[in-house]
Structures are given as structure tokens and as C-alpha cells.
Amino acid sequence: MAKFFKSIISWLAFLGLIISAELTYIYMNANFGLPSNKSFCNINEVIDCDAVARTAYSHVLGVPLAVWWILFYAVILLFNYLRFSKPDDHEQHQNFRSYIYTLSFGAVMVSVVLSLITGLGIQKVCVLCVANYIINILLFFFIRGEASF
């Protein structure tokens, strides 16, 4: 287990998992909770996580985006664990590194689209969403060294 947390990839994915869990809570509270319950990141008219959570862009196929992010970060954690599970198997190490690279590239593309939608479309900013976008970019740049699609 110690090898698992030696990687910055694991720490970033774990942080993304926690932020996504909080985003799921905000989504559920904003859409199904009491109207008086506001999230901590409701700061002003522009920085408003609840307003972002209430838009049609906050879910895909009826599932909140935050739940999809939880699944994404869990898969990254699993692949990173498997990458270190057999230190002698260089091919397995490279395969899982490539899987993480490909997934993180897709996450960066989704993050770019979502940031454009929130910034230009609905003109609101969710601080935790931006944190997830930054984590996705960092995941991509930390894994890209020796990996390929």
C-alpha cells in the first residue's frame, strides 16, 4: 500500500475524488434539498456553485457530472495501483501509464468544454469545478512523460 501513495498521480486522483464527492453533495442539495441550504462556495452573483449545479449542463444521462468524475478518479486510482502492483513487469507499468494518460487527456478535453460552457454560456463559476479542471490538467502533465495513447 505504501507504493500506491508514492505517486503524485494517486494524490491528485484522491483529491479529485474528495472534491467530486463534495460536488455531488452540492448537486443533490441544490436540486433536491431545501432552498435555504446554500453551499459554502456561493460567494456572489458570478461565483455560485449552486447555480451551476442547477443547470442542464450539470448532468449527463441523468447522472450528475460529479458522479462521473468520482468514477473517473476511482479508475485512475485503480490503474495507478495496478501500475505499481508488479514492479518487475515493465510492460504492465507502461500499459497502465498509457491508460491513465489517455483517460486524463479525455478529462482535460471535457474540462475545457465545461469551463467554456460555465464561463461563456451560463456566466457562473463553480470554484470546486475549477479545482477539478486544474487537477485534470495536472494529472495529464504528470503522467505524460513516458506514456502514449
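**Entry 1: the cavity**

I take a cavity to be a set of grid points where a 1.4 Å probe fits but cannot get out. The model I am working from is predicted. I searched the whole structure on that basis and found one cavity of 30 Å³ or more. I noted a volume of about 250 Å³ for this largest cavity.

Next I looked up the lining of the largest cavity. It comprises 21 residues, and those closest to the centre are L23, V52, S58, L65 and C129. I then asked which helices supply at least two residues each to this lining. I recorded α1 (8-32), α2 (49-53), α3 (65-85), α4 (90-121) and α5 (127-143). By residue class, I entered 17 nonpolar, four polar and no charged residues for the cavity lining.

**Entry 2: the largest pocket**

I turned to the largest pocket, which holds about 170 Å³ of space. I listed its lining as V60, L65, W68, W69, F72, T102, L103, G106, A107 and V110. Both α3 and α4 supply at least two residues of that lining. Which helix gives the most to the lining of the pocket? I found that α4 does, with five residues. The pocket lining divides into eight nonpolar and two polar residues, with no charged residue.

I also note that L65 appears in the pocket lining and is among the residues closest to the centre of the cavity.

**Entry 3: aromatic pairs**

I counted ten aromatic pairs in the structure. One of them joins F79 and F96, with 5.5 Å centre to centre and 45° between the planes, and I entered this pair as tilted. The pair links distant parts of the chain, as F79 lies in helix α3 and F96 in helix α4, 17 residues apart. Are these two residues buried or exposed? F79 has a relative accessible area of 19%, so I entered F79 as buried. F96 is likewise buried, at 14%.

I next examined Y101 and F140. Their ring centres are 5.1 Å apart and their planes stand at 20°; the pair is therefore stacked, since planes under 30 degrees apart count as stacked. This pair, too, links distant parts of the chain: Y101 is in helix α4 and F140 in helix α5, 39 residues apart. I entered Y101 as buried because its relative accessibility is 12%. F140 is buried as well, with a relative accessible area of 13%.

Finally, I traced the ring pairs around Y101 and F140. Ring pairs link Y101, F105, F140 and F141 into a cluster.

Note on methods: Residues are numbered from 1 along each chain as its sequence is written. This is a predicted model: local features need pLDDT of at least 70, side-chain atom pairs count only at pLDDT 80 or more; totals for chains, interfaces and linings use all residues. Side-chain values use heavy atoms; hydrogens and water are left out. On a 1 Å grid over the protein atoms alone, a cavity is a set of points where a 1.4 Å probe fits but cannot get out, and a pocket is an open set with protein on both sides within 12 Å along at least five of seven lines; lining residues have an atom within 4 Å of a point. Grid points are joined across faces, edges and corners, and a volume is the space filled by probe spheres set on the points. Helices (H or I, at least four residues) and strands (E, at least two) are DSSP runs, numbered from the N terminus. Ala, Val, Leu, Ile, Met, Phe, Trp, Tyr, Cys and Pro count as nonpolar, Asp, Glu, Lys and Arg as charged, and the others, Gly among them, as polar. Rings of Phe, Tyr and Trp (its six-membered ring) pair if their centres lie within 6.5 Å; planes under 30 degrees apart count as stacked, over 60 as edge-to-face and the rest as tilted. Buried means under 20% relative accessible area, exposed over 50%, partly exposed in between (1.4 Å probe, protein chains only).
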